[in-house]
Amino acid sequence: MPDRLRERHIVCLSCTATIDVGVLVGDRRETFTVQAVDELLVDYGWFPTTRGSYCPRHARSVRGGAG
């Protein structure tokens with residue numbers, strides 16, 4: 001099966017900040033795609049949750065840190 005590029009447009013749950021990420025996957029397993037996107041978001045300072053994601057500006061306060 002050929003590799004496919006899965007692209008996601010993520011919007012912060014607290015503001016209008018956005019990020020676009022793409023993951024090259026070799027199959028159609030959606031759980032792998034979600035995990036890979038979440039890992040990329042963390043690399044860029046975002047905080048992914050089951051409800052959505054928070055930009056680096058809001059991630060700290062959502063995690064429970066000072067902010």
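**Entry 1: the β1 and β2 pair**

I began with Arg 6 and found that Arg 6 stands opposite Val 23 in β2. The model I am reading is a predicted one, and I keep that in mind for every value noted below. I then looked for another pair along these strands, and the bridge partner of His 9 turned out to be Asp 20, again in β2. Strand β1 covers residues 4-11, and I noted that β1 and β2 pair in the antiparallel sense over eight bridges. Six residues form the link between these strands, in a hairpin that joins β1 to β2.

I also looked up Arg 4, which lies in strand β1. Arg 4 has a relative accessible area of 36%, and therefore I entered Arg 4 as partly exposed. From C-alpha to C-alpha, Arg 4 and Val 23 are 8.1 Å apart in space, while in sequence they are 19 residues apart.

**Entry 2: the two faces of β2**

Which side chains of β2 are buried, and which are not? I found that Ile 19, Val 21, Val 23 and Val 25 point to one face and are buried, whereas Thr 18, Asp 20, Gly 22 and Leu 24 point to the other face and are not buried. I set this beside the general rule that side chains in a regular strand alternate between the two faces of the sheet.

**Entry 3: the nonpolar core**

I next listed the largest nonpolar core, which has twelve residues: Ile 10, Cys 12, Ile 19, Val 21, Val 23, Val 25, Ala 36, Val 37, Leu 41, Trp 46, Tyr 54 and Cys 55. At least two residues of this core come from each of β2 (18-25) and α1 (30-43). The largest share belongs to β2, which supplies four residues. As a general background note, nonpolar side chains in soluble globular proteins tend to be buried together.

I then followed Trp 46, a member of this core. Once neighbours within four places in sequence are left aside, Trp 46 is in contact with Ile 10, Val 11, Cys 12, Ala 17, Thr 18, Ile 19, Leu 41, Ser 53, Tyr 54, Cys 55, Pro 56 and Arg 63.

**Entry 4: Ser 53, His 58 and Val 42**

From Trp 46 I moved to Ser 53, one of its contacts, which is found in strand β4 (residues 53-54). Is Ser 53 buried or exposed? Its relative accessibility is 6%, which is under the 20% limit, so Ser 53 counts as buried. Not counting residues up to four places away in sequence, Ser 53 touches Ile 10, Val 11, Cys 12, Leu 13, Leu 41, Trp 46, Phe 47 and Pro 48.

I found His 58 in helix α2 (residues 56-63). His 58 has a relative accessibility of 17%, and because the limit for buried is under 20%, His 58 is buried as well. Apart from neighbours within four places in sequence, the contacts of His 58 are Cys 12, Ser 14 and Cys 15.

Val 42, by contrast, lies in helix α1 and counts as partly exposed, with 46% relative accessibility. I also noted that the C-alpha atoms of Val 42 and Ala 59 are separated by 9.9 Å, with their positions 17 residues apart along the chain.

**Entry 5: the cysteines**

How many disulfides does the structure hold? I found zero disulfides. The closest cysteine sulfur to that of Cys 15 is in Cys 55, at 3.8 Å, and this is too far for a bond because a disulfide needs the sulfur atoms within 2.5 Å. Cys 55 is likewise in no disulfide, and its nearest cysteine sulfur, that of Cys 12, is 3.7 Å away. On exposure I wrote down that Cys 15 is partly exposed at 24% relative accessibility, whereas Cys 55 is buried with a relative accessible area of 3%.

**Entry 6: the chain as a whole**

I closed with the overall values. The secondary structure comes to two helices and four strands, and read along the sequence these follow the pattern β-β-α-β-β-α. Of the 67 residues in the chain, 27% are buried. I recorded an accessible surface of about 4,700 Å² for the chain, with 50% of this surface belonging to carbon and sulfur atoms. Among contacts between residues at least 6 apart in sequence, I noted that 35% join residues at least 24 apart.

Definitions and conventions
Residues are numbered from 1 along each chain as its sequence is written. This is a predicted model: local features need pLDDT of at least 70, side-chain atom pairs count only at pLDDT 80 or more; totals for chains, interfaces and linings use all residues. Side-chain values use heavy atoms; hydrogens and water are left out. Buried means under 20% relative accessible area, exposed over 50%, partly exposed in between (1.4 Å probe, protein chains only). Contact means heavy atoms within 4.5 Å. A nonpolar core is a set of buried Ala, Val, Leu, Ile, Met, Phe, Trp, Tyr and Cys residues joined through side-chain atoms within 4.5 Å. Accessible areas come from the Shrake-Rupley method with a 1.4 Å probe; for residues, only the protein chains shown count as cover. Two strands pair if DSSP finds at least two bridges between them.
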